[in-house]
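Visitor: I am new to this structure and would love a close look at one single part of it. Could you pick a spot where charged side chains meet and walk me through it?

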Amino acid sequence: MPRSSLDLGSEANRRTSSVMARNNGVVQPLLTDLYQITMAYAYWKSGKIDDVAVFDLFFRSNPFQGEFTIFAGLEECLKFLESFHYSDSDIAYLIQTLPETIEPEFFTYLKQLTCKDVTVSAIEEGSVAFPRVPLLRVEGPLIITQILETTLLTLVNYASLVATNAARYRMVAGKNISLLEFGLRRAQGPDGGLSASKYSYIGGFDGTSNVLAGKLFNIPVKGTHAHAYITSFSNLDDLGMTVIPHGETKVPHNLSELAVNWREKISHLIDISPEEASDGELAALISYAVAFPNGFIALVDTSGLLNFCAVALALNDVGYKAIGVRIDSGDLAYLSVLARNTFEKVAKKLKLPWFANLTIVASNDINEETILSLNEQGHKIDCFGIGTHLVTCQRQPALGCVYKLVEINGQPRIKLSQDVGKVTMPGHKEAYRLYGADGHALIDLLQRSSEAPPEVGQKVLCRHPFQESKRAYVIPTRVEKLYKLYWKNGEICVKSPPLSHVRERVQNSLKTLRQDIKRNLNPTPYKVAVSDDLYNFIHDLWLQNAPIGELS
């Protein structure tokens, strides 16, 4: 899409990449659940300061009735680890809030607590991920790794949910349609709005209406105008300055006179009489075109096409090219076809080929199903502006990541449940993605860290973690180790890439999946398996920990 009022200021945004590293001031140690602090005291009181733990952060099912998830939020997690410390006011608040019986030495301990002894391994941000495969593995002293739980979860849960939602919109829209995030006014508060803009962009959207998100995250900022601008004009007498210089010669021209003349000339061609068109609307469009002659895109309804075309042709007379229209109500498929046919008629009649390709933007409570329906109806829309359904994730408001202890002081831990889906995978593990002969990802394999990694061309036994009969041999053509070391010795080990690179990673990662796994209706489940060694380890530990009933 050419530069327009849709992307006003985006060039300036690209010059502000230095602000990307700015921390979110809300993300701090007290952004946690109270029980993390009370557990920390109980651990401390029990003398467990030197205990070493391993926690896995993972989810149990994919969102939106799909079969993949996009992992996002890692950069914010690393920033949190880097800046973690309790301030004097934090300690003062905790002293005031927690029971008086808590020993003063505990608060001294908290004041000195940092993440320097924590180690974090993770899947690369922007990668496709699947249930049960940990997104993060957090290792270190028990107290600090426990305290990190809630904050890491809140940084990963929503980020991954929105990025996945955005990626699904990108897939149904197709690669040739522009997608703009318009959700700030409907988001769950200011921080939710900023996060939605950031992770929608990662998931595949092309820009946002959120100006602060553009500044903070270097995202292209785009937008048009609201209905209020149109209704603020009653007639042509409301117009102020209507003279603009020619785009090349700089000779001044009266845009209002030109637009009124064009409206008379083309009304028969568009089959809308000038009397049917609103003079107030025409005045608003002329005014907006004077303000943005190089970026004129107008909010229109059916009758507004005549006024838009008149102003667009007037702009053409004085050396500028309009960008297009935004449709915000009514039958979007019908109206987009009508608009395209109108543009093509004008282009052919007046021998202006570019006019046929004017951009058509559609907004109006759009969701995945809307786009699929519009595709079936043969719409002529070039760009979707999507807000509510994207940023609030109305189809599924939470991803449901969990953070579970899997090892303490080198000893594996397992959580048992009557619901097999909630039984955890114990111990320190590695994860690998095995690829098939067609180049697509075939299966994710979890195995104990002590095991040798799978090798290309070598047969690997892959087992369902809980169903004994479900097993298969896989001979991978490529093996991808999923975990990289991101945090150790108090430092970030891998520099966070620009959002544009993470965004590209999302699309490249999705290409590794077969189409049937990504389809909207009844997708094929992607397989996650464990090695034979890990399978036996899980079930031996299960038997050791499961209580034995007694019959009488």
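Guide: Happy to! Let us start with glutamate 75, which is buried, with a relative accessible area of 11%. Please keep in mind that you are looking at a predicted model.

Side chains of opposite charge can pair when their charged atoms come close. Glutamate 75 has such a partner in lysine 198: the two form a salt bridge whose closest N and O atoms are 3.4 Å apart. Lysine 198 sits in helix α8 (residues 189-203), while glutamate 75 belongs to helix α3 (residues 74-83), so this pair ties together parts that are 123 residues apart in sequence. Lysine 198 is buried as well, at a relative accessible area of 3%.

Now move one step along the chain to glutamate 76. Glutamate 76 forms a salt bridge with lysine 79, and here the closest N and O atoms are 3.5 Å apart. Both residues lie in helix α3, and because they are three residues apart there, about one helical turn separates them. Glutamate 76 is buried, with a relative accessible area of 12%, and lysine 79 also counts as buried, at 8% relative accessibility. Put the pieces together and you have one network: salt bridges that share partners join Glu75, Glu76, Lys79 and Lys198.

To set this spot in its surroundings, the structure holds 26 salt bridges. One of them links lysine 48 with aspartate 51, with the closest N and O atoms 2.8 Å apart. In that pair, lysine 48 is partly exposed, with a relative accessible area of 27%, whereas aspartate 51 is buried at 13%.

For a contrast, turn to the surface, where Glu264, Asp271, Glu275 and Glu276 form a negative patch. Glutamate 276 is found in the loop between α11 (255-270) and α12 (279-291), and is exposed, with a relative accessible area of 53%.

Finally, step back to see the whole. The protein chain has 19 helices and 23 strands, and of its 552 residues, 55% count as buried. Its C-alpha atoms fill a box of roughly 95 × 60 × 50 Å along the principal axes. The link between α3 and α8 joins parts 123 residues apart in sequence; across the chain, among contacts between residues at least 6 apart in sequence, 75% join residues at least 24 apart. As for charge overall, the mean positions of the 55 positive and 59 negative charges are 5 Å apart.

Notes. Residues are numbered from 1 along each chain as its sequence is written. This is a predicted model: local features need pLDDT of at least 70, side-chain atom pairs count only at pLDDT 80 or more; totals for chains, interfaces and linings use all residues. Side-chain values use heavy atoms; hydrogens and water are left out. Patches are made of residues with over 30% relative accessible area and no salt bridge: like charges are joined within 9 Å, nonpolar side chains (Val, Leu, Ile, Met, Phe, Trp, Tyr) within 5 Å. Accessible areas come from the Shrake-Rupley method with a 1.4 Å probe; for residues, only the protein chains shown count as cover. A salt bridge is a side-chain nitrogen of Lys or Arg within 4 Å of a carboxyl oxygen of Asp or Glu. Lys and Arg count as positive and Asp and Glu as negative; His and the chain ends are not counted. The place of a charge is taken as NZ of Lys, CZ of Arg, CG of Asp or CD of Glu. Helices (H or I, at least four residues) and strands (E, at least two) are DSSP runs, numbered from the N terminus. Buried means under 20% relative accessible area, exposed over 50%, partly exposed in between (1.4 Å probe, protein chains only). Contact means heavy atoms within 4.5 Å.
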